[in-house]
Every structure is written in C-alpha cells, then in structure tokens.
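Reader: I'm new to looking at structures and I'd like to learn about pockets, cavities and strands. Could you walk me through this one?

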Amino acid sequence: IPARPARMVRLGDEVIVSLARVAADWTSTAEAELVGLSIEDEEIAWRHTLTGLKSCGRPTLSPDGSRFAVACSGAMNTDGEIDALDQSALVLFDAKKRPLREVARYTAEDIAGEPIQGRVAFASEELVLLSTHTAYGGSTHNRWLAYDLEQGTTTELLEAPPDDQGEGRGLVFTSTTCFPGCSDVCLMADGANAVLQRVRIDDDGSLELLEPIQVETKVGMPPRGIGLR
C-alpha cells in the first residue's frame with residue numbers, strides 16, 4: 001500500500017507528515033501513519049502507526065506548542081461513506097516526547113455520533129473546532145462543531161442545508177482556521193452557503209456566531225479552503 005503523504009507541519013527541527021496509505025486502485029486503506037523527517041539530515045527519524053484509525057489529516061499544534069492533534073475520518077468507500085465509525089477519531093500527542101506518545105483519544109462516536117473530517121483547529125488550549133464527514137446524496141449533513149477536550153462536551157455551531165432534492169451536499173464545511181493569541185475569531189470555509197463562517201470564542205469559553213463574510217460575488221464559486229500565512 002503506497003504511503004500517500006497527505007499533509008505536514010513543521011515542529012522544531014522536524015517535519016511531521018501524515019500518511020494516508022490508500023491502495024493504488026483505491027479499493028483498500030491501511031492504518032494511517034505519522035512520519036518524522038529530520039530537516040537537517042533529510043531522513044526519516046521515526047514512524048508511528050495510528051492503530052485502528054484511517055485517513056488522517058494534518059497534525060495541528062496547540063497554541064502553546066506542547067501538544068498536537070490529528071483528526072481521522074476513516075476509510076471512505078466509492079459512495080463517499082465511511083466504512084466504519086470506529087476508524088474515525090481525534091488523537092492528541094505530546095509534541096515534545098520521542099518516541100511519539102499518544103496522550104488522549106476521543107472517538108468520533110463520542111464527539112459527533114458520526115465520522116469527523118480529517119481537519120481540526122485549536123480555538124484555545126482546550127477547545128477545538130472540526131466538521132463531520134457526510135456523503136454526497138446521503139441523509140445527513142455536514143455539521144460544524146466545537147469540542148471541549150477537558151470537559152468532553154460538544155457544541156454544534158452550524159448544520160449545512162440539504163440540496164434541492166433534500167439530500168446531503170457532501171463535504172461542504174471544509175477547513176477551519178483559528179488565530180489563538182492573535183484573534184478570538186475562527187473562520188470556516190462554507191461551500192454550502194458560499195461564505196466564510198465566523199465564530200467568536202470569548203474569554204469565558206462561550207461561543208458566539210458572527211455574521212458570515214461573502215468573499216466572492218462575480219463567479220459564484222464557494223470558498224473551499226482557508227489558511228494562515
């Protein structure tokens with residue numbers, strides 16, 4: 001099964017790469033892996049298997065840099081559905097320890113009751129934002145969620161509307177970007193409503209949805225991703 005590097009993040013003198021590990025004919029998916037690459041030596045320093053989890057996204061650093069999170073959606077079939085809910089989870093790692101050490105695992109069942117996408121953003125040290133994984137033409141719709149790591153509680157921020165036939169639109173709530181320490185507002189690319197959604201995280205941890213931003217008015221293409229440079 002090919003490695004299929006998916007996303008990466010720099011952490012000190014290493015680059016941590018997430019390997020999706022999907023077969024060349026896309027008929028099977030192996031357990032996901034993380035690989036640490038030495039920037040100085042340009043060699044693999046370590047490998048870590050995310051036991052039981054598949055199709056994992058980019059490692060995301062916590063605001064203080066002591067931990068990083070990886071979200072996994074699970075293997076997807078040709079209909080865009082996730083094969084098994086137990087393959088989907090959010091995992092926290094100690095960013096400083098080697099060999100790599102998993103410090104917490106939160107199942108998709110506990111977070112959302114359904115698979116989550118392989119994207120996660122830290123809104124604060126104990127609050128992360130993520131979206132659910134739903135199939136195109138399915139009976140469920142993307143939801144934008146806030147999950148409290150300390151309390152183990154989920155707050156639903158938004159749910160995508162169905163299409164004209166009342167069916168699911170698939171993955172329309174995509175990447176979320178937060179700016180802890182710089183701004184108290186997080187942004188999410190909403191392809192269903194063709195806007196950037198916004199939520200404010202107050203000092204007491206409360207969440208307030210703000211008026212969305214329309215970023216394109218001529219062609220009508222919805223935003224599909226957002227990042228920080």
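Author: Sure, and one term comes before the rest: Ala, Val, Leu, Ile, Met, Phe, Trp, Tyr, Cys and Pro count as nonpolar, Asp, Glu, Lys and Arg as charged, and the others, Gly among them, as polar. Keep in mind too that this is a predicted model.

Reader: How do the residues lining the second largest pocket divide into nonpolar, polar and charged?

Author: This pocket has a volume of about 490 Å³. It has 21 lining residues, and the closest to its centre are Ser55, Ser73, Gly74, Met76 and His133. Sorted by type, the lining comes out as eight nonpolar, ten polar and three charged.

Reader: Which element gives the largest share of the lining of the largest pocket?

Author: The largest pocket has a volume of about 630 Å³, and 22 residues line it, with Arg58, Thr60, Val120, Thr176 and Thr177 nearest its centre. Two or more lining residues come from each of β1 (5-11), β5 (60-61), β9 (121-122) and β13 (173-177). With three residues, the largest share belongs to β13.

Reader: And how does the lining of the largest pocket divide by residue type?

Author: Use the grouping from the start, where Gly counts as polar. For the largest pocket that gives twelve nonpolar, seven polar and three charged.

Reader: Which elements each supply at least two residues to the lining of the largest cavity?

Author: The structure holds one cavity of 30 Å³ or more, and the largest cavity has a volume of about 40 Å³. Its lining includes Leu129, Leu130 and Ser131, as well as Thr174, Ser175 and Thr176. By type, the lining splits into four nonpolar, five polar and one charged. The elements you're after are β10 (127-131) and β13.

Reader: Let's turn to strands. Why do β1 and β4 each have one side without a neighbour in the sheet?

Author: Four strands make an open, antiparallel sheet in the order β1-β2-β3-β4. Each of β1 and β4 (43-49) has a single partner strand, so one side is left without a neighbour, because both stand at the edges.

Reader: By how many degrees are neighbouring strands of that sheet turned against each other on average?

Author: The pairing in this sheet is antiparallel. Ignoring direction, the average turn between neighbouring strands is 20°.

Reader: Which residue in β2 does Arg10 stand opposite?

Author: β1 and β2 (residues 14-19) pair in the antiparallel sense, over six bridges. Arg10 falls within β1, which runs 5-11. Across from Arg10, in β2, stands Val15.

Methods
Residues are numbered from 1 along each chain as its sequence is written. This is a predicted model: local features need pLDDT of at least 70, side-chain atom pairs count only at pLDDT 80 or more; totals for chains, interfaces and linings use all residues. Side-chain values use heavy atoms; hydrogens and water are left out. On a 1 Å grid over the protein atoms alone, a cavity is a set of points where a 1.4 Å probe fits but cannot get out, and a pocket is an open set with protein on both sides within 12 Å along at least five of seven lines; lining residues have an atom within 4 Å of a point. Grid points are joined across faces, edges and corners, and a volume is the space filled by probe spheres set on the points. Two strands pair if DSSP finds at least two bridges between them. Axes are lines fitted to C-alpha atoms, for helices over the stretch in contact, and angles run from 0 to 180 degrees between N-to-C directions.
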